[in-house]
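Trainee: Please take me slowly through the salt bridges of this chain, beginning with a single pair. I would also like to know what lies around them.

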Amino acid sequence: MEIIRNLVKKIKGISLLWKINLTGILIILIFTIIIYALILPYMAKEKMEERQGKLRAVVNAASSMIDFYDRAARKQGWSPDHSMPKTIEDAKREIIKNLREMRYDKTEFFFILDGNGNMIMHPTKPELEGKNMLDVQDPEGIKLFQEMVINSQRDGETFVRYIWQSKYSPVIFEPQMTYARYFWPWDWVICSSLYTQDIVDAMQIMKIRSALYDILAAIIAMTILFIVMHVSLSRPLTKLLSGIKEIHNGNLNYHIEVTSLDEIGYLSREFNLMVDGLKESQDRIVRSESKYRELTDMLPDIIYEADSNFRINYLNNAGYKLTGYTEEDIRHGLSLQYLVEKDDFSRLDEMLKKGEDNKVFITHKIIKKGGGFFYGENNTDTIFEGGQPVGLRGSIRDVTEKQKMEEQLLQAQKMETIGTLAGGLAHDFNNVLGGIVSTLSIIQYELRKNQKIEPEKLKKYLEIMENSGQRAVDMVQQLLTLSRRSETHFSPIDLNATIQNVKKICDNTFDKSIDIRIYIYEEPSLAYADPAQMEQVLLNLCVNANHAMTIMRNEGEPKGGRLSIGLDKIHADRNFCAARPEAKEIDYWQLSVDDTGIGMDPQTIAKIFVPFFTTKEKGRGTGLGLSMVYNIIHQHEGFINIYSEIGIGTTFDVYIPVLYGAKIADEEEKVRELSQGEGLILVVDDEEVMRQTAEWILGKCGYRVIFACDGAEGVQIFKERHREIKGVLLDLVMPRKSGEQAFLEMRKINSNVKVILASGFRQDERVNIALEQGINAFIQKPYTVEKLAEVVAEVFGGTCVDDQGMKS
């Protein structure tokens, strides 16, 4: 970097005369480079491709003849042709005979190798026939025959370039090119070669001539240019440059002497006027800059400015103190990229590239020089010059403590919801277990009595257990979603199903004095949303309605009321949008939650979405429930309207865009296609039931299975049998050695090991870490036959087979 800076300084110090002369030289050099780097190589390439095309044509002709003989010999069994060879061996002998005698361009010939590198036929050197040629090298060490065999077997054809004896003298070596084509039915490599020395010689002559012409043209052009520039420009500019140096050294009282009336004289006069104005402006700028820096250094927030390449060119004192960077780092080109994480930097980069005149207010991590970080509220805006974005300017406030407090309160609100619903969820979970346990007891009873179970009845029993098991999975997932941060997954959902799911929870958790009524839409109500978040929104609204009709009533008032959940489709016309600024002129689902609770006054309604605001008694709520609802709905490009009256009740109307042209997965039972494969799969799981289940499913898919009870045993088995193991189904949480640790050791044994990670909880941070380390796929427990077959086929490879055994 220092060398480049010194070179730039030297170039800047060269006189204008020499810069013009150097420009002329540069033009000549560029022209020369174009000739040598583009034109001559292009001509050489054309010549070489012409030679390659010739070789390919003759070898392909020979290959076609071999293919004809091969087909003719194979047809002898059912369509005899006495003019053609009767067997493959006869065909091979006939081909060898024909190619041995065949010549093109008078002297050029064919030779044949087999797939192991043995010379089958060479017309000019029959002593090579039968010898293995794989280790034969040219003077530069190229194993030419090995490349012909291996590359043609891999790609079907190949060109090999090397140095070989001249056809005119065995002591002279010239460049040669061979085209090899692989004929797989006979495991033959058909080859032919041509010398390319004539192309090299022609290009060398052209290079020499071009160099001579370039030198002559450069001498003439530079002589004329130097004389003209020295007389008309160099002398007048010398005086002007002397005056400019004085100004550059800070002598704003200096005036350049005007000695001519031409362009240089005019430039001298204008420059003198500019210096006078510059002197006045300099004084104003010094005073303004001093005032600006004093003000920004007094602020506790970071004030920063960065250019279009995100290099920071200004930080106030708070910026240096909070980040740990210094003025020296700024001078060395400190980038804003070092202060923020990758995703946050991408957002800033996108903002600058769009060139939109809008502010961005985001909260993200600010990374310190020493490696730590703090949370900052970044209020940034784009800097424009001449209508073009040239950088960013903004302020960052340290909100680490505020962020920690909000996260704690948000978690408290989630746990509060779980506490409210715990009794009902326990009741519902027992019902789910009852559906499984009771049905199994019926099947066991009938088996003990040797009673035949009708297929339809057995199908019904299995449906009950499957539905109950899936419901248990959904309930656990719902609890996990409420209790901790989880990933958002948008997909087409039916809001009717959302209402029905939430009603089930409310029926089992709310006070029995609450009359819950639902009014679902008569058709599927499709929306593009996260199903868990939409249920969380509706559940929070219902919980608030429940409290408004029970615990928030005054002492002595009767508890209870009516909770109505309704869904309708509306079109937001111009009048609707005028009354609701957040709306667009599209179709919306109107999800309404109406209660007959205590109601709210307008002052309360204005603050209900403000974080930490609550109207409940101390200890009854965190004030974050409706704030979460508001944020989730806005993430779904929707909005909320509220109507409430004291003593009458409250209605929340949630508007979500209607989704058209999508379908929800068909719930009807049908025979699914299973992807088939083969090979040995290592299943590593500490649960016996999961090992047996995986063995049964993988067996149905055509695989053989071996087991390991924990990560340590899995690594040992993989070490012993990794050459025959096609892939690994690996549990995440196990004794002795976790799935993540086992994978890392397996990868040391075989860097290409294919692994599917299994776990009961996708949001476990260890899953993300394992996937980043190279695990191929993840599958969540419990998994179905179809799901495991699908993931195994995707990772290990397989073929779909339908219920009639037909491959597809």
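Mentor: Let's begin with D67, which is partly exposed because its relative accessibility is 25%, and the cut-offs for that class are 20% and 50%. Keep in mind as we go that this is a predicted model. The partner of D67 is R71: the two form a salt bridge whose closest N and O atoms are 2.8 Å apart. R71 counts as exposed because its relative accessible area is 52%, and exposed means over 50%.

Now look at where the two sit. Both D67 and R71 belong to helix α2, and four residues separate them, about one turn of the helix. The general rule is handy here: an α-helix has 3.6 residues a turn, so residues three or four places apart point the same way.

Let's stay with this helix a little longer. Helix α2 covers residues 16-75, and I25 is found in it. With 33% relative accessibility, I25 is partly exposed. I25 also belongs to a nonpolar surface patch of about 770 Å². The other members of that patch are L22, L26, L29, I30, I33, I34, L38 and I39.

Next, compare the bridge inside α2 with a pair from two separate elements. R100 forms a salt bridge with E129, and here the closest N and O atoms are 2.6 Å apart. R100 is in helix α3 (residues 88-101) while E129 is in the loop between β2 and α4, so this pair ties together parts that are 29 residues apart in sequence. Both ends are partly exposed: R100 has a relative accessibility of 28%, and E129 has a relative accessible area of 27%.

The loop that holds E129 deserves a look of its own. G130 is placed in the loop between β2 (119-121) and α4 (144-155). G130 counts as exposed because its relative accessibility is 60%. Leaving aside residues up to four places away in sequence, G130 touches N118 and M119. Its C-alpha atom is also 5.9 Å from that of I120, although G130 and I120 are 10 residues apart along the chain.

Our third pair is D731 and K781, a salt bridge with its closest N and O atoms 3.0 Å apart. This one links distant parts of the chain, 50 residues apart: D731 is in strand β21 (residues 725-731), and K781 is in the loop between β23 (777-780) and α21 (785-796). Both D731 and K781 are buried, that is, under 20% relative accessible area.

Salt bridges can also join into networks, and R56, E157 and R181 are linked in this way. Searching the whole structure gives 28 salt bridges, so you have plenty to practise on.

Burial came up with D731 and K781, and helix α9 lets you follow that idea along one element. Its 13 residues (342-354) should span 18 Å at 1.5 Å a residue, and the end C-alpha atoms are 18 Å apart, which agrees. The buried residues in α9 are D344, F345, L348, D349, M351 and L352. They cover an arc of only 160° around the axis, which puts them on the same side of α9. K342, D343, K353 and K354 are exposed on the other side. What do the buried residues of α9 pack against? They pack against β6 (302-307), β8 (360-367), β9 (373-385) and β10 (388-398). Just after α9 comes G355, with a positive phi of about 70°.

A single buried residue makes a good last stop before we step back. N272 is in helix α6 (residues 263-297), and it counts as buried because its relative accessible area is 10%. Setting aside residues up to four places away in sequence, N272 touches H255, I256 and V258.

Finally, here is the setting for all these details. The chain has 808 residues, of which 40% count as buried, and its secondary structure comes to 21 helices and 24 strands. Among contacts with a separation of 6 or more, 61% are between residues 24 or more positions apart. The R100 and E129 bridge, with its 29 residues of separation, gives you one example of parts brought together across the sequence. The chain exposes about 47300 Å², and carbon and sulfur atoms supply 54% of that.

Definitions and conventions:
Residues numbered from 1 in each chain as written. Predicted model: local features only at pLDDT ≥ 70, side-chain atom pairs only at ≥ 80, totals over all residues. Heavy atoms only, no water. Patch = residues over 30% accessible without salt bridge, like charges linked within 9 Å, V, L, I, M, F, W, Y side chains within 5 Å. Areas by Shrake-Rupley, 256 points an atom, 1.4 Å probe, with all protein chains shown as cover. Salt bridge = Lys/Arg side-chain N within 4 Å of Asp/Glu carboxyl O. Helix = DSSP H or I, 4+ residues; strand = E, 2+ residues; numbered from the N terminus. Buried < 20%, exposed > 50% of the residue type's maximum accessible area, 1.4 Å probe, protein only. Expected span 1.5 Å × (residues − 1). Arc of directions from axis to C-beta. Contact = heavy atoms within 4.5 Å.
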